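Reader: I would like to go through the terms used for this structure and see what each one rests on. Please show it.

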There are 2 protein chains.
Amino acid sequence: MKRRIYLAGPEVFLPDAREIGARKRAICERHGLIGVFPGDQEGAPDPGQPPSEQGLAVSQAVEHTMRGCDAMIVNLTPFRGPSADAGSAYEMGFMRALGRPIFAYSNDERPFLDRVIAFCGDKARLRSTGEHEDADGMAIEPFELYDNLMLIGGIIASGGCLIAEAAPHTERYTSLVAFERCVISAASALLR
Amino acid sequence: MKRRIYLAGPEVFLPDAREIGARKRAICERHGLIGVFPGDQEGAPDPGQPPSEQGLAVSQAVEHTMRGCDAMIVNLTPFRGPSADAGSAYEMGFMRALGRPIFAYSNDERPFLDRVIAFCGDKARLRSTGEHEDADGMAIEPFELYDNLMLIGGIIASGGCLIAEAAPHTERYTSLVAFERCVISAASALLR
């Protein structure tokens, strides 16, 4: 039976989100997987409801969708800051607790430390303990992982993998080169 | 039996994280709950291991700790961007999938839309569809929720609540005023 893969990432916020969802699904199909893109199944929010009710209904529909998937592929390309999109991070924790494998990719190959330092406008500094901290005095994780350790730990513990590969800056939310490599890895792990 | 509450948030990155953890635990204790702060139980990483192994070991210890807690209180104060800390978002999804109630607080009372617009340096604009988008052309959620809809949807669906209340900017990662209000709400929900 074909495996259903939940496709998480900030591209849901693109103006042409449905189109990129269709492209992602086609790539999955080509490698023997069923891609499930948020919004494909849940239907549009009911415009008769107050906005907050619409948002909560979407959230519950997405959780239902995730429960029906065998694994996830998540886009960790940094979103509005040096880390992954918060909604995608939530979904990773959700799938991890369900015991589903998490495969990840990013269109930004820079190490986490470099991304946080760039985000701080070079105001990062060293603590006397040798750790870096950001402009607010908050530690920058010294673990040489790609993002917050919970995200990367969840990927590894679930049996997944992470592929980070630079895309041109203007294509960082639309390039599917690293995504396709990730699909191939996921298919190889899930279909063997 | 006393309820164990996992205490999530970016204050683990403060130089005095252990001290703030102790203050949070004392507040929980005062309201009849056992606060469990990340790092309290897991022990320090083994400095003999490579950094990435240390980070992955911490992640697995934290997941184990979360499985042993009855609920969570999470700090959604924006961290390195307009949204909550990615690690905390992951932990919310994890606890939600386990069916545990999620109580949330933030020391920043501004609506999500205002925070994203400020983050964009006022480069946000309107789409022809009426939605706002950020400087990268990514939609800003129109749902009038406090953060990404997955986070807020998880809180509400789990039976938890959200308390957002301004703290002075310099105390936004240390003030425990909103935290204590959140503990009181959690205690009232969990101990009835």
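Reader: How many residues of chain A are in contact with chain B?
Author: There are 63 residues of chain A in contact with 63 residues of chain B, contact being heavy atoms within 4.5 Å. This is a predicted model, in which local features need pLDDT of at least 70 and side-chain atom pairs count only at pLDDT 80 or more, while totals for chains, interfaces and linings use all residues. Residues are numbered from 1 along each chain as its sequence is written, chains are lettered from A and ligands numbered from 1 in the order in which they are written, and side-chain values use heavy atoms, with hydrogens and water left out.

Reader: What makes the relation of chain A and chain B that of a two-fold axis?
Author: A turn of 180° with a shift of 0.0 Å along the axis lays chain A on chain B with an RMSD of 0.0 Å (least squares on the C-alpha atoms of residues with pLDDT of at least 70 in both). That is the relation of a two-fold axis.

Reader: How do you know that the copies meet through the same surface?
Author: Of the interface residues of chain A, 100% are also interface residues in chain B, so the surface is the same on both copies.

Reader: Why is the pair Glu63(A) and Arg96(B) called a salt bridge?
Author: The term needs a side-chain nitrogen of Lys or Arg within 4 Å of a carboxyl oxygen of Asp or Glu. In this pair the closest N and O atoms are 2.8 Å apart, so the rule is met. The count between chain A and chain B is six salt bridges.

Reader: Why is Asp134(A) called buried and Gly99(A) exposed?
Author: Buried means under 20% relative accessible area, exposed over 50%, and partly exposed in between (1.4 Å probe, protein chains only). Asp134(A) has 2% and is therefore buried, whereas Gly99(A) has 55% and is therefore exposed.

Reader: What makes the approach of Asp134(A) to Arg80(B) a polar contact?
Author: A polar contact is a pair of N or O atoms within 3.5 Å; within protein, one must be able to donate a hydrogen and the other to accept it, and residues adjacent in sequence count only if both atoms are side-chain atoms. The side chains of Asp134(A) and Arg80(B) are joined at 2.8 Å, so the pair qualifies. The side chain of Asp134(A) also reaches the backbone nitrogen of Asp136(A) at 2.8 Å.
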